[in-house]
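Trainee: Could you take me through one part of this protein up close? I'd like a strand and whatever it pairs with, told as one connected story.

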Amino acid sequence: MSEYEMTGTTIVAMKFDGGVIMAADSRTSMGAYVMNRVTNKLTKLSPRIYCCRSGRSSHTQIIAEYTSSKTNLFAYSNEREPLVRDAANLVRALVYYNPMLTASIIVAGYDEEEKGSIYSVNLGGTLLKREWAMGGSGSIFIYGYCDSMYRSDMSFDEKFELTKKLVQLAINRDNSSGGCIRMAVIRKEGVENIFIPGNEV
């Protein structure tokens with residue numbers, strides 16, 4: 001019981017003209033043991049800002065809850081909508097100044113300043129603004145595929161299908177990724193949630 005248990009997942013986010021697409025598998029594992037087959041790893045931080053969580057579940061959950069509370073309070077105090085950049089910087093500070101936290105998080109969404117934007121916060125607290133981002137144990141199987149297939153001029157439908165395909169490929173290759181696929185499309189108008197059951201993955 002004293003051995004360190006590795007957790008795994010696959011999270012992906014991709015920007016399109018007018019918003020962002022986010023996707024994640026739903027398996028929560030502890031070593032070879034599957035704790036939950038239908039976890040929702042897409043967490044709402046504000047009405048149009050979400051995060052994809054990978055790492056230790058308890059660590060990422062408390063980071064998301066704290067970030068949501070502080071981001072919305074800051075926006076309310078300044079009489080404006082929350083910014084994706086503000087939420088991402090708060091996540092970065094939490095991970096950087098608390099090295100015991102095991103968390104790699106993608107913060108993405110829509111705001112009136114940057115429109116659709118994606119920020120990845122890696123282990124150690126490195127913050128990067130990206131056109132697309134991925135994380136979790138399954139990401140090592142799909143980085144090369146995404147590099148070869150992604151084009152900035154792709155249509156929304158092409159980016160949506162690529163995002164879904166990336167999670168599907170990771171689930172088929174990574175033992176720590178699995179279950180169903182949960183996706184969210186975030187635009188100015190709001191958030192569309194999509195559920196793909198395991199038998200269709």
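Mentor: Let's look at strand β8 and its surroundings, then step back to the chain.

First, some ground rules. This is a predicted model, where local features need pLDDT of at least 70, side-chain atom pairs count only at pLDDT 80 or more, and totals for chains, interfaces and linings use all residues. Residues are numbered from 1 along each chain as its sequence is written, and side-chain values use heavy atoms, with hydrogens and water left out.

Strand β8 covers residues 115-121, and 6 of its 7 residues are buried. Buried here means under 20% relative accessible area, exposed means over 50%, and partly exposed is in between, using a 1.4 Å probe and protein chains only. Strands are DSSP runs of E with at least two residues, helices are runs of H or I with at least four, and both are numbered from the N terminus.

On one side, β8 pairs with β7 (residues 103-111) in the antiparallel sense, over 7 bridges. Two strands count as paired if DSSP finds at least two bridges between them. A hairpin of 3 residues takes you from β7 to β8, and K115 in β8 is the bridge partner of D111.

β8 also runs antiparallel to β9 (residues 127-130), with 4 bridges joining them. Here V121 sits opposite L127 of β9. The hairpin between β8 and β9 has 5 residues between the strands, and in it G124 takes a positive phi near 100 degrees.

Now go back to the loop between β7 and β8, because E112 there has a salt-bridge partner from a distant part of the chain: R48, in the loop between β5 (42-46) and β6 (49-55), 64 residues apart from it. A salt bridge means a side-chain nitrogen of Lys or Arg within 4 Å of a carboxyl oxygen of Asp or Glu. For R48 and E112, the closest N and O atoms are 3.9 Å apart. R48 is buried, at 10% relative accessible area, whereas E112 is partly exposed at 40%.

For a pair within one helix, try E161 and K164, whose closest N and O atoms are 3.5 Å apart in their salt bridge. They are 3 residues apart in helix α4 (residues 156-173), so about one helical turn separates them. E161 is partly exposed, with a relative accessible area of 41%. Back at our strand, salt bridges that share partners join R48, E81, E112 and K115 into one network. By this rule the salt bridges come to 12.

Another hairpin to look at is the one from β11 (residues 181-187) to β12 (residues 190-196), with 2 residues joining the strands. These strands run antiparallel with 7 bridges, and R187 has G190 as its bridge partner.

Stepping back, the chain has 4 helices and 12 strands. Its radius of gyration is 16 Å, close to the 17 Å that the globule rule gives for 201 residues, so the chain is as compact as a globular protein of that length. That radius is taken over C-alpha atoms, and the rule is 2.2 Å times the number of residues to the power 0.38. Of the 201 residues, 47% are buried.
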